[in-house]
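Got the viewer open? Let's take a walk through this one together, one selection at a time.

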Amino acid sequence: CELDDDSLEVLSLTGIAEKSLTHLKNSPDRAETVLLWIEKLIIDANNRNLFEVPAPILSRAFQELSRGMVGVNDVRKIRMVPFPFPYSQYLSLMLICHWVLTPVMASQLVVKPYWAGVIVFVVSTSFWTLFYIAQEIDQPFGEDANDLPVREMQKAFNEKLEYFTDPLSYTLPAFNPRNMHHAKTQVLDSSFRLNRGSVGSFTHTDSGRPEEDKV
């Protein structure tokens, strides 16, 4: 990244051997190294029967990891492969020629001087604006106002990882429908607040099947 400070926060590395951290530091491709560690961890866990997962489901995990590496390589293409220099220079030269010749042509073809000035300003400014916007899109990493918020994205990603490590994130919630003697349907908004207005209600019968009450 073209950042003034490329230090990004990560989750705690406590528990990882110092030798492994040194190996990761010296790795020519740290993302590939971590990928190999994760794949080896999954294979070892499968060999020790730590989880009972069918082979097609387990292969899906490796597919998701490979898709992640494809995304990493796509980002590297944007970062490392520059826009063709001759093409960029040719565009700059043509824009300069257009910027010089447009006022001359407008003065000869447009009767009103103020309309000639407006046309030259709008057309020339539009072309140069598109040129500089293309440069910003070509390199979205850095400290400019239009660059991607890399630090904020990394922080949000770490917060999600930390939350998913909580046991409740991969534990099914306990639910017993027999404890619901009289359930009401309610509207739940994005902040998990229940609206007081009930749309309908359900009462459990002796057969165990809920029946909707008529309001």
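How do the residues of the lining of the largest pocket divide into nonpolar, polar and charged? The split is 25 nonpolar, seven polar and six charged. Keep in mind as you click around that this is a predicted model.

**Stop one: the largest pocket.** Start by selecting Leu8, Val10, Arg30, Ala31 and Gln154, which are the closest to the pocket's centre among the 38 residues that line it. The space in there comes to about 2,300 Å³. Now colour the helices that build the wall: helix H1 (18-25), H2, H3 and helix H6 (150-164) each put in at least two lining residues. Which helix supplies the largest share of that lining? That would be H3, with nine residues.

**Stop two: where H2 meets H3.** Stay with H3 (residues 55-80) and add helix H2 (residues 30-47) to the selection. Their axes come within 11 Å and cross at roughly 180°. An angle over 145 degrees counts as roughly antiparallel, and H2 and H3 are therefore roughly antiparallel to each other. To see the contact itself, show side chains on the H2 side for Ala31, Glu32, Leu35, Ile38, Glu39, Ile42, Ile43 and Asn46. On the H3 side, pick Leu58, Phe62, Leu65, Met69, Val72 and Arg76. Colour this set by class and you get ten nonpolar, one polar and three charged residues. You may recognise Ala31 here: it belongs to this contact and also sits among the residues closest to the centre of the largest pocket.

**Stop three: the second largest pocket.** Next, select Phe83, Phe85, Ser88, Leu91, Phe131, Ala134, Gln135, Asp138 and Gln139, the residues that line this one. About 210 Å³ of space lies inside. Helix H4 (85-109) and H5 are the elements that give two or more residues to the lining, and H5 gives the most, with four. By class, the lining has five nonpolar, three polar and one charged residues.

**Last stop: Gly117.** Follow helix H5 (residues 113-138) along to Gly117. Is Gly117 buried, exposed or partly exposed? Its relative accessibility is 41%, so Gly117 counts as partly exposed; the partly exposed class lies between the buried cut-off of under 20% and the exposed cut-off of over 50%. Finally, draw a distance from the C-alpha of Gly117 to the C-alpha of Thr102: the two residues are 15 apart along the chain, and these atoms are separated by 10.0 Å.

Note on methods. Residues are numbered from 1 along each chain as its sequence is written. This is a predicted model: local features need pLDDT of at least 70, side-chain atom pairs count only at pLDDT 80 or more; totals for chains, interfaces and linings use all residues. Side-chain values use heavy atoms; hydrogens and water are left out. Axes are lines fitted to C-alpha atoms, for helices over the stretch in contact, and angles run from 0 to 180 degrees between N-to-C directions. Angles under 35 degrees count as roughly parallel, over 145 as roughly antiparallel, 65 to 115 as roughly perpendicular and the rest as oblique. Contact means heavy atoms within 4.5 Å. Ala, Val, Leu, Ile, Met, Phe, Trp, Tyr, Cys and Pro count as nonpolar, Asp, Glu, Lys and Arg as charged, and the others, Gly among them, as polar. Buried means under 20% relative accessible area, exposed over 50%, partly exposed in between (1.4 Å probe, protein chains only). On a 1 Å grid over the protein atoms alone, a cavity is a set of points where a 1.4 Å probe fits but cannot get out, and a pocket is an open set with protein on both sides within 12 Å along at least five of seven lines; lining residues have an atom within 4 Å of a point. Grid points are joined across faces, edges and corners, and a volume is the space filled by probe spheres set on the points.
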